[in-house]
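Work through the exercises below with the structure open beside the text. Each task is followed by a solution in steps.

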Amino acid sequence: MNAALTLAYPRWRQFFWRHPESPVLLLSAGSWLLLAAGAMEAAPSLGLHPHHVDGGAAFHSSLTLWSPDHWPVILLRWSAMITAMMFPTLVPQIRVLAARSFWSRRTRAILLFLAGYSALWLIYGAIAEAAMGLLRGSAPAMFSFLLPMSLVLAGLWQLTRQKQRSLVACHFTMPIAPSGWQADLDCCRFGLRTAAYCCVSCWALMLVCAAAGHAVWVMLVVAAVSLAERVFARPRQLWFGVALFLFAILAIKTGAH
């Protein structure tokens with residue numbers, strides 16, 4: 001047994017050397033399993049649910065919006081969603097970061113990069129959930145239309161020039177210091193700047209997830225669109241926008257019944 005492990009260790013080390021993004025992809029797959037298994041369903045949500053909400057429930061939701069007991073679980077849900085949906089789009093940046101870091105600093109550099117990236121997305125998630133909760137409390141009549149409205153908004157954003165520019169900027173890289181606190185700071189800055197461009201590019205798509213109450217099928221659609229935008233050399237934003245409009249029509253018809 002020990003001999004087999006001794007022989008396998010160099011192969012695994014070589015594999016991780018060539019594919020430094022593999023642990024991140026495994027982490028993303030684990031988050032998808034948690035979301036699909038409904039591990040986050042027990043968490044309270046300030047966003048959209050498919051059932052009707054009366055005035056009393058909407059008022060209660062506006063009160064619980066500011067309850068500190070809800071936010072840790074909501075942020076945990078957003079952390080799982082970001083890990084599952086957005087981490088696979090960071091493969092090029094992780095490979096560049098690993099290539100520019102010493103072997104002894106690779107894991108640390110990647111973790112600092114992901115921490116900086118996730119921090120900005122969590123701030124956006126808190127703002128999105130707060131906005132959904134306030135809208136739910138102040139305008140319960142519009143509650144059932146949040147999902148189709150967010151889909152239309154995302155479809156329109158796909159066609160803007162700013163979306164195109166931010167999508168191109170998501171591929172940027174930056175110099176990384178070789179060692180010391182400057183290297184740690186550069187890794188965090190790299191993650192923050194990447195997240196800033198990603199937030200500008202995908203804020204409307206992630207808003208759809210919040211409006212849908214973090215439904216797994218919605219997150220799968222949004223993740224597929226986000227990944228396709230990064231993988232394709234010339235993503236067809238018009239087709240992505242049309243698809244989102246069609247989903248909006250489907251959501252309206254489903255809500256009508």
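The exercises that follow concern a predicted model.

**Exercise 1. Overall make-up**

State how many helices and strands the protein chain has, and what share of its residues is buried.

Solution.
- Step 1. Count the elements: the chain holds 11 helices and zero strands.
- Step 2. Write them in sequence order, which gives the pattern α-α-α-α-α-α-α-α-α-α-α.
- Step 3. Turn to burial: of the 257 residues in the chain, 46% are buried.
- Step 4. Look at the contacts with a separation of 6 or more: 83% of these are between residues 24 or more positions apart.

**Exercise 2. The salt bridge of E21**

Find the partner of E21 in a salt bridge and say which parts of the chain the pair ties together.

Solution.
- Step 1. The side chain of E21 meets that of R95, with 3.0 Å from N to O.
- Step 2. E21 sits in the loop between α1 (2-18) and α2 (22-36), while R95 belongs to helix α5 (residues 91-99), so the bridge links parts that are 74 residues apart in sequence.
- Step 3. Compare each accessibility with the limit for buried residues, under 20%. E21, at 5% relative accessibility, is buried. R95, at 44%, is partly exposed.

**Exercise 3. The buried side of α5**

List the buried residues of α5 and decide where they lie around the helix axis.

Solution.
- Step 1. The buried residues of α5 are V91, Q93, I94, L97 and A98.
- Step 2. These residues cover an arc of only 160° around the axis, so they are on the same side of α5.
- Step 3. Recall the geometry: an α-helix has 3.6 residues a turn, so residues three or four places apart point the same way.

**Exercise 4. Two salt bridges with a partner in α9**

How many salt bridges does the structure hold? Describe those formed by D184 and D186.

Solution.
- Step 1. The structure holds four salt bridges.
- Step 2. D184 pairs with R108, and their closest N and O atoms are 2.6 Å apart.
- Step 3. D184 is in helix α9 (residues 180-211) and R108 in helix α6 (residues 106-138), so this pair ties together parts 76 residues apart in sequence.
- Step 4. D184 has a relative accessible area of 15% and is buried, whereas R108, at 47%, is partly exposed.
- Step 5. D186 pairs with R189, the closest N and O atoms being 3.3 Å apart.
- Step 6. D186 and R189 are three residues apart in helix α9, so about one helical turn separates them.
- Step 7. D186 is buried at 6% relative accessibility, and R189 is partly exposed at 36%.
- Step 8. Salt bridges with shared partners join R105, R108 and D184 into one network.

**Exercise 5. The second largest cavity**

Give the volume of the second largest cavity and sort its lining by class.

Solution.
- Step 1. The structure has two cavities of 30 Å³ or more.
- Step 2. The second largest cavity holds about 30 Å³ of space.
- Step 3. Its lining consists of R100, S101, F102, R105, A109, I176, A177, P178, A183 and C187.
- Step 4. Sorted by class, the lining has seven nonpolar, one polar and two charged residues.

**Exercise 6. M219 and H214**

Where is M219, and which residues does it touch beyond four places away in sequence?

Solution.
- Step 1. M219 is placed in helix α10.
- Step 2. At 1% relative accessibility, M219 is buried.
- Step 3. Leaving out residues up to four places away in sequence, M219 touches W32, L35, M81, M85, C209 and H214.
- Step 4. Take W32 from that list. The C-alpha atoms of M219 and W32 are 9.7 Å apart, and the two residues are 187 residues apart in sequence.
- Step 5. Now take H214, which lies in the loop between α9 and α10 (216-231).
- Step 6. H214 is buried, with a relative accessible area of 5%.
- Step 7. The phi angle of H214 is near 60°, a positive value in a residue other than glycine.

**Exercise 7. L147 and A211**

Locate L147, and give the separation of its C-alpha atom from that of A211.

Solution.
- Step 1. L147 belongs to helix α7 (residues 146-158).
- Step 2. At 14% relative accessibility, L147 is buried.
- Step 3. L147 and A211 are 64 residues apart along the chain, and their C-alpha atoms are separated by 5.2 Å.

Methods:
Residues are numbered from 1 along each chain as its sequence is written. This is a predicted model: local features need pLDDT of at least 70, side-chain atom pairs count only at pLDDT 80 or more; totals for chains, interfaces and linings use all residues. Side-chain values use heavy atoms; hydrogens and water are left out. On a 1 Å grid over the protein atoms alone, a cavity is a set of points where a 1.4 Å probe fits but cannot get out, and a pocket is an open set with protein on both sides within 12 Å along at least five of seven lines; lining residues have an atom within 4 Å of a point. Grid points are joined across faces, edges and corners, and a volume is the space filled by probe spheres set on the points. Ala, Val, Leu, Ile, Met, Phe, Trp, Tyr, Cys and Pro count as nonpolar, Asp, Glu, Lys and Arg as charged, and the others, Gly among them, as polar. Helices (H or I, at least four residues) and strands (E, at least two) are DSSP runs, numbered from the N terminus. Buried means under 20% relative accessible area, exposed over 50%, partly exposed in between (1.4 Å probe, protein chains only). The arc is that of the directions from the helix axis to the C-beta atoms. Contact means heavy atoms within 4.5 Å.
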